[in-house]
Number of protein chains: 2
Amino acid sequence: MRVLVVEDERRMAAALQRGLQAEGFAVDLAHDGEQGLHMARVGDYDVVVLDIMLPRLSGYNVCKQLRAEENWVPILMLSAKDGEYDMADGLDLGADDYLTKPFSYVVLVARLRALLRRDAGRRPAVLSAGDLTLDPARRRVQRGEEPVELTPREFALLEYLMRRHDEVVSKSEILEHVWDTFDTDPNVVEVYVGYLRRKIDAPFGRGALQTVRGAGYRLAGDGG
Amino acid sequence: MRVLVVEDERRMAAALQRGLQAEGFAVDLAHDGEQGLHMARVGDYDVVVLDIMLPRLSGYNVCKQLRAEENWVPILMLSAKDGEYDMADGLDLGADDYLTKPFSYVVLVARLRALLRRDAGRRPAVLSAGDLTLDPARRRVQRGEEPVELTPREFALLEYLMRRHDEVVSKSEILEHVWDTFDTDPNVVEVYVGYLRRKIDAPFGRGALQTVRGAGYRLAGDGG
DNA sequence: CCTCGACCACCAGAACTCTCATGGCGTGGA
DNA sequence: TCCACGCCATGAGAGTTCTGGTGGTCGAGG
């Protein structure tokens, strides 16, 4: 698999190159927007990792230009640290997924693989259950129009429950996937379910996160 | 690769089986010590995952018995939750590595692969630098004979530095490997280096963990 | 020698995660 | 119906991690 990484910061670029090569990707680097655009045009890549903040031509414009030329290579955008550019705009310009810094190396690789698996040009999934929405890339949750602030662990738990909404999910499944650990006190799940309810249900008079006694929990898709 | 999992708790056993199968291992289960011993004898496995607390015959004794019969199949032991058995004894009986519960699924798989890569029957590595020793499996650190208590993050940082002792390790390398993240504030490394110094150097009048200005840090192998 | 900028050490405090203990509630059996 | 038991909810609190700010130190250059 051929990957083009467009990133001006040398250290970041080198780290990405090393990491991705270790995963078996063939990695080319471009250090500014113009070079990146040129290489993306002629290089026949399977996927492009594109920083937004770039000298000469922003990642923003690289993406826009490529799409204008009907080049549908999958693009994974990396957000700026400050909020100058909104990732949502990046998506509107035709990026396929985005990551906000700082991001985990594992997550980056997982997203790249997901991009490579599916048809190019599709939008990243935004999970929903009733009027509850969760955007894994932007790390944002809303109940209706109202944003909800979650800690990392709460977010991971909700994401897992939303991916399996309307199913009954056992505590041991949750521990495996959200905590990645065997033989941990299941009470920690109960505690975090409690935290979530206080944030996504109680303030809205809902009861979407239901207990199924003896079996686990279910996140109701109809909003509870 | 064929794996035998000897574990009596049904849920744990099922989770291990599913997880390892997903990694491409062929997994057989035994639910007590006698069955496990029998299967290990005749089954020609590449590695055995062996719980200590087992009905009928402890993992302890299964291991001892196999080694007495000159069966050198690599064995990864899982510790009891309570401290009834000491893992060090397990190693003395011929286990090749051990994990203490609760453990991460990712760590388990990594250890299994490590076992499969190297010659069977060898002891797990205990890292050392001067009179500083670190046992990754038992999660224990000593300065000379004196045990040192570390938090998980401190331990991970020290482990990485010890694996590369006498080398200069840059902050970005540390962030990548210990924090698994790009573009995080490097100050967090400085803070944790400070914590480590207060635990492994200052109380012993040492200076093993050295700053290399502009380059990173070095853990001196001669004890500083 | 002094200044300046970059890099680093360290304190303080906030946020987050997890453990423990207690009490409520449902379910099944007497 | 009432009780007993197991499952779950929740408050409290401790330990850990991380952020931000401040000040020190080193090296280069005037």
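Begin in chain B by selecting strand β4 (residues 75–78) together with β5(B): the two pair in the parallel sense over three bridges. Within this pairing, B:Leu76 has B:Asp97 of β5(B) as its bridge partner. Please note that the model on display is a predicted one.

Next, select helix α3 (residues 59–68) of chain B. This helix packs on the sheet and touches β3 (47–51) and β4 of chain B. The direction of α3 makes about 165° with that of β4(B).

Now widen the selection to the whole sheet. In chain B, five strands in the order β2-β1-β3-β4-β5 form an open sheet with parallel pairing. At its edges stand β2 (26–30) and β5 (97–99) of chain B; each has a single partner strand, so one side of each is left without a neighbour in the sheet. From one strand to the next, the twist averages 20°.

To view the β2 end, add helix α2 (residues 33–42) of chain B. Helix α2 lies across β1 (2–6) and β2 of chain B and runs at about 140° to β2(B).

Proceed to another sheet of chain B. Here three strands, in the order β11-β14-β13, form an open sheet whose pairing is antiparallel. Its edge strands are β11 (168–169) and β13 (209–212) of chain B, each of which pairs on one side only. Select β11(B) with strand β14 (residues 216–219) of chain B to display two bridges in the antiparallel sense. The residue to label in β14(B) is B:Tyr217, the bridge partner of B:Val169.

Add helix α6 (residues 152–163) of chain B, which packs on this sheet and touches β11, β13 and β14 of chain B. The helix direction makes about 75° with that of β14(B). Then select helix α8 (residues 187–201) of chain B: this helix lies across β13 and β14 of chain B, running at about 145° to β13(B).

Finally, turn to chain A and colour the chain by its domain assignment, which gives domain 1 (2–117) and domain 2 (127–219). The C-alpha centres of these two domains of chain A lie 31 Å apart. What should be selected at their interface? Six residues of domain 1 of chain A are in contact with four residues of domain 2 of chain A. Between them, the two domains of chain A bury about 420 Å², with 47% of this area on carbon and sulfur atoms. Three residue pairs are in polar contact between domain 1 and domain 2 of chain A, both residues at pLDDT 80 or more, while the rule finds zero salt bridges across this interface.

Methods. Residues are numbered from 1 along each chain as its sequence is written. Chains are lettered from A and ligands numbered from 1 in the order in which they are written. This is a predicted model: local features need pLDDT of at least 70, side-chain atom pairs count only at pLDDT 80 or more; totals for chains, interfaces and linings use all residues. Side-chain values use heavy atoms; hydrogens and water are left out. Two strands pair if DSSP finds at least two bridges between them. Helices (H or I, at least four residues) and strands (E, at least two) are DSSP runs, numbered from the N terminus. Contact means heavy atoms within 4.5 Å. Axes are lines fitted to C-alpha atoms, for helices over the stretch in contact, and angles run from 0 to 180 degrees between N-to-C directions. Domain bounds come from an automatic or database domain assignment. Buried area is the accessible area (1.4 Å probe) that two parts lose on being put together, summed over both. A salt bridge is a side-chain nitrogen of Lys or Arg within 4 Å of a carboxyl oxygen of Asp or Glu. A polar contact is a pair of N or O atoms within 3.5 Å; within protein, one must be able to donate a hydrogen and the other to accept it, and residues adjacent in sequence count only if both atoms are side-chain atoms.
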